[in-house]
There are 2 protein chains.
Amino acid sequence: MNSASEENYLKAIYKFMYDGNELVGTGALAEMLGVQSASVTDMLRRLSEKGLVRYTKSRGSSLTEEGMQTALSIIRKHRLWEVFLVEKLGFGWDEVHQLAEQLEHVKSDILTERLDIFLGNPSFDPHGDPIPDKEGKLPQKQTLPLIAATIGQRYKISRLGDTSTEFLQYLDKSGLLIGSFIQMIQQEPFDQSVTIELQSGKIIHLSSQVAELLVVEKME
Amino acid sequence: MNSASEENYLKAIYKFMYDGNELVGTGALAEMLGVQSASVTDMLRRLSEKGLVRYTKSRGSSLTEEGMQTALSIIRKHRLWEVFLVEKLGFGWDEVHQLAEQLEHVKSDILTERLDIFLGNPSFDPHGDPIPDKEGKLPQKQTLPLIAATIGQRYKISRLGDTSTEFLQYLDKSGLLIGSFIQMIQQEPFDQSVTIELQSGKIIHLSSQVAELLVVEKME
DNA sequence: TAAAATAATTAGGCTTATCTAATAATTATT
DNA sequence: AATAATTATTAGATAAGCCTAATTATTTTA
Ligand SMILES: [Mn+2]
Ligand SMILES: [Mn+2]
Ligand SMILES: [Mn+2]
Ligand SMILES: [Mn+2]
């Protein structure tokens, strides 16, 4: 049985690997987890001991297959609880992360499976992130960053490349929500900034930085 | 912010006090919590330090007002989660305790309040135990003198209208104790005397004078 | 009320998860 | 390649929460 702390380290390593890094550095983990590097070195040794992490001194770490499955099961719980909080308790999608950080550590496979059924087996969480199934498989969908979108095409906002409170609040203010439909109007060749139309008809302008972080799904 | 372990100690002390003990012994707590007495002594010191427990070396402990409120808020969460697990996820009432033991430690007042609303502000959990409101007040349990009880209904003996030695000895002899479960079998219209069945299956007859002094609590 | 039994505390350890400061290893720059 | 900068590890502490064994305090019994 892993501690909540061990589970948080596994999730952190998973995130780096999911973002394409095949080896994660001690310092990067320390930063993400808000602890000192020395603490990370300690924990990586313990996780390596347990067979969840491949650790090579001073070189970097990665998840073993078992570590990967463990991480996915925690992420599954995190995202299912987020769906619960938004769909059933009426929380906003920007207020559920900290709660899910606690709920994801509740240990019970049967609870997770019953929650999944209660929620109607959702594939994506309120942020548009895929929910692994109980074998750890992620649902697929064809997505791209808004910055690479085609003029005239309609899209649905699918996922966010950043979930900082600042970014979430910015989107909220602009009327951009996960699941909302937009149309690509034009893109400025000079700075890559984009102009889009919301479903309401409102036209807004987004910087390339924002357009890079908005992951969209092509509509038919 | 209290740790899960501290919260479990507070709940344990609360339970003893709720059962009428005004001072709880170290050993009794150790037994209930499944730890050694030495560990309890340590923790009682820490909780006393924090102002949650009144601790007198070798004499016993009790909750302070703040400790009492804290305990009640954990019990509130525990029982609300139990309702959720049974009513919404379809668990049996006998399988939810261990899960609620984990869920009760999730820290968020707003989550508790939204859960409460989602569940329809229940007053009792699936085991018939009262759910404290957010000020820590317990719903009034519905009690009545046995003489006014309904035929066929099950009751728990809740309180005595007389505590004279004679009465206590009479009850003891009859096998009637506070907290014991009984079922109302019949009532004689002529003299109001009642016939009840004990949990043991034994049938006994009580005069109206006695039935007036036995305060019972309706079971589900 | 003295001895015996029971209950509680103290002393000394252990593990996990963290920290700071010092040192070492790796990578980047002249 | 040598030096500087960056990154990671080691060494030594600390706090929470637990343990066992030894000692003390309290209560019961003779
Ligand atoms: Mn989240
Ligand atoms: Mn999410
Ligand atoms: Mn329970
Ligand atoms: Mn209960």
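Colleague: What does B:His127 count as in relative accessibility?
Modeller: B:His127 counts as partly exposed, at 32% relative accessibility. With a 1.4 Å probe and protein chains only, buried means under 20% relative accessible area, exposed over 50%, and partly exposed in between. This is a predicted model, where local features need pLDDT of at least 70 and side-chain atom pairs count only at pLDDT 80 or more, while totals for chains, interfaces and linings use all residues. Residues are numbered from 1 along each chain as its sequence is written, chains are lettered from A and ligands numbered from 1 in the order in which they are written, and side-chain values use heavy atoms, with hydrogens and water left out.

Colleague: And B:Asp125, buried or exposed?
Modeller: B:Asp125 is buried, at a relative accessible area of 6%.

Colleague: Which residues coordinate the manganese ion (ligand 4)?
Modeller: B:Glu82 (OE), B:Asp125 (OD) and B:His127 (ND1) do, at 2.1 to 2.3 Å. Donors are N, O and S atoms within 2.8 Å of the metal (3.2 Å for Na, K and Ca); water is not among the atoms, so sites may look incomplete. The spacing of these donor residues in sequence is E-x42-D-x1-H.

Colleague: What does B:Glu82 bridge?
Modeller: B:Glu82 bridges the manganese ion (ligand 4) and the manganese ion (ligand 3), 3.4 Å apart.

Colleague: Turning to the DNA, which residues come nearest to strand C?
Modeller: Of the 23 residues around DNA strand C, the nearest are A:Ser3, A:Ser39, B:Thr41, B:Arg45 and B:Tyr55. Sugar and phosphate make up 78% of the atoms of that strand that come within 4 Å of the protein. A residue is near a strand if one of its heavy atoms lies within 4 Å of it.

Colleague: Which atom of B:Thr41 lies 2.6 Å from a phosphate oxygen there?
Modeller: A polar side-chain atom of B:Thr41 does. B:Gly27 places a backbone N or O atom 2.6 Å from a phosphate oxygen of DNA strand C.

Colleague: Which helix gives the most to that surface?
Modeller: α3(A), with five residues. Helices here are DSSP runs (H or I, at least four residues), numbered from the N terminus.

Colleague: What about strand D: how many residues surround it?
Modeller: DNA strand D is surrounded by 22 residues, the closest being A:Gly27, A:Arg45, A:Tyr55, B:Ser3 and B:Ser39. Five residues from α3(B) form the largest share of the surface near DNA strand D.

Colleague: Which side chain has a polar atom 3.1 Å from a base nitrogen of strand D?
Modeller: That of B:Asp42. A phosphate oxygen of DNA strand D is 3.0 Å from an N or O atom in the side chain of B:Ser5.

Note on methods: A polar contact is a pair of N or O atoms within 3.5 Å; within protein, one must be able to donate a hydrogen and the other to accept it, and residues adjacent in sequence count only if both atoms are side-chain atoms. Helices (H or I, at least four residues) and strands (E, at least two) are DSSP runs, numbered from the N terminus.
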